[in-house]
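Here are my notes for the discussion of this model. Please read them with the structure open.

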Amino acid sequence: METVLITGGSRGIGLALVRQFLIRGYRVVATFRGEHAPEALKTLKNEDQLVLKRLEVTDEASINKLAASLKSLPIDILINNAGILGPVAQTLKDTDKRGWLETLEINTVAPLLVCEALLSNVRLSEHGRIITISSQMGALSRHSTGMYAYRSSKAAVNKVMQVLALELKDENIAVCPVHPGWVKTEMGGEEADITPEESAEGIANFAVKMNMSHSGKFYTWDGFIHEW
């Protein structure tokens, strides 16, 4: 049984990913914020397949505690899903600078810290894969305005994952940022194109087949290469 660890697994795309991998027979380690696991995860509780772990991705002590609790558990797929849209003020005339820094901390810095802390677990897998949920809003190839904090955080994490892919190439650990689509979540809104379930199914399909030929490239949720 392969193991997948999903950060931010209590709602939206993260929760849908948890469901997808449980259906596929994976052992799933799902992280959540707060003192207690949300009901959405508790209702999925399966002692054989689902492990729930508390994690605050901006707290290095919390990340290290998670890593210590997993000990020598091989992680076959690590999915950095936890992220935020950022502050309301993200325009040229009105920019929340503190909110921008928080967005960078969660969307850009935290995924690398999680990877660093759990790398020994990924190394135990015969087929280690790391996916970070990014966004095409961070692609320099796209021309659109506003949302400075969110766009810059996703552009930056794309570069972080590209560099990580190069550094882990000799260890045969594949690394990819993935655009999840415009998804009907609290972040994406009701006018979005696809449901969390559709996005998660596509990401899971890609994650299962992902190998070194994909590493260091930017993909869409349905398995197509996205321009940087």
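**Core, sheet and spaces**

1. Start at Ile-79. Beyond its neighbours within four places in sequence, Ile-79 is in contact with Val-4, Leu-5, Ile-6, Thr-7, Leu-17, Phe-21, Ile-131 and Ile-133. Keep in mind throughout that this is a predicted model.

2. A second core lies apart from the one that holds Ile-79. This other core has 26 residues, including Ala-110, Val-122, Val-157 and Leu-164.

3. Now the core around Ile-79. The largest nonpolar core has 33 residues, and Phe-21, Val-28 and Ile-79 touch the most other members. Two or more residues come from each of β1 (3-6), α1, β2, β3 (50-54), β4 (77-80), β5 (129-133), β6 (174-179) and α6 (196-209). Helix α1 gives the largest share of this core, seven residues.

4. Which residues of β4 are buried on each side? Ile-77 and Ile-79 are buried on one side, Leu-78 and Asn-80 on the other. Both faces of β4 are thus covered. Strand β1 also has buried residues pointing both ways: Thr-3 and Leu-5 one way, Val-4 and Ile-6 the other. As a rule, side chains in a regular strand alternate between the two faces of the sheet.

5. The strand pairing can be followed from β2 to β5. Strands β1 and β2 pair in the parallel sense, over four bridges. Thr-3 has Arg-27 of β2 as its bridge partner. On to β4: β1 and β4 are also parallel, with three bridges, and Leu-5 stands opposite Leu-78. Strands β4 and β5 run parallel and are joined by four bridges. There, Ile-77 stands opposite Arg-129 of β5.

6. Leu-164 deserves a look as a member of the other core. Leu-164 sits in helix α5. Is it buried or exposed? Its relative accessible area is 10%, so Leu-164 counts as buried. Not counting residues up to four places away in sequence, Leu-164 touches Leu-112, Cys-115, Ile-130 and Val-175. Leu-112 is 52 residues away along the chain, with 8.4 Å between the two C-alpha atoms.

7. Ile-225 gives a contrast. Ile-225 belongs to the segment after β7 (219-220). Its relative accessibility is 57%, so Ile-225 counts as exposed. Setting aside neighbours within four places in sequence, Ile-225 is in contact with Lys-217, Phe-218 and Tyr-219. Ile-225 and Glu-2 are 223 residues apart along the chain, and their C-alpha atoms are separated by 25 Å.

8. Next, the open spaces. The largest pocket holds about 1,100 Å³ of space. Of its 40 lining residues, Gly-83, Ile-84, Leu-85, Thr-185 and Met-187 are closest to the centre. At least two lining residues come from each of α1 (12-23), β2 (27-32), α4 (97-123) and α5 (148-167). Helix α1 supplies the largest share of this lining, three residues. Helix α1 also gives the largest share of the largest nonpolar core.

9. What is the make-up of that lining by class? The lining of the largest pocket has 17 nonpolar, 15 polar and eight charged residues.

10. The second largest pocket holds about 200 Å³ of space. Its lining includes Met-137, Gly-138, Ala-139, Leu-140 and Arg-142. Ser-144, Thr-145, Gly-146 and Tyr-148 line it too, as do Arg-151, Ser-152 and Ala-155. By class, this lining has five nonpolar, five polar and two charged residues.

11. How many cavities of 30 Å³ or more does the structure hold? There is one. The largest cavity contains about 40 Å³ of space. Its lining is made up of Thr-7, Val-57, Asn-80, Ala-82, Ile-106, Ala-110, Pro-111 and Val-114. Helix α4 contributes the largest share, four residues. The lining has six nonpolar and two polar residues, and no charged ones.

12. Some residues link these points. Ala-110 lines the largest cavity and belongs to the core of 26 residues. Thr-7 lines the largest cavity and is in contact with Ile-79. Asn-80 lines the largest cavity and is one of the buried residues of β4.

Conventions:
Residues are numbered from 1 along each chain as its sequence is written. This is a predicted model: local features need pLDDT of at least 70, side-chain atom pairs count only at pLDDT 80 or more; totals for chains, interfaces and linings use all residues. Side-chain values use heavy atoms; hydrogens and water are left out. On a 1 Å grid over the protein atoms alone, a cavity is a set of points where a 1.4 Å probe fits but cannot get out, and a pocket is an open set with protein on both sides within 12 Å along at least five of seven lines; lining residues have an atom within 4 Å of a point. Grid points are joined across faces, edges and corners, and a volume is the space filled by probe spheres set on the points. Ala, Val, Leu, Ile, Met, Phe, Trp, Tyr, Cys and Pro count as nonpolar, Asp, Glu, Lys and Arg as charged, and the others, Gly among them, as polar. A nonpolar core is a set of buried Ala, Val, Leu, Ile, Met, Phe, Trp, Tyr and Cys residues joined through side-chain atoms within 4.5 Å. Buried means under 20% relative accessible area, exposed over 50%, partly exposed in between (1.4 Å probe, protein chains only). Contact means heavy atoms within 4.5 Å. Two strands pair if DSSP finds at least two bridges between them.
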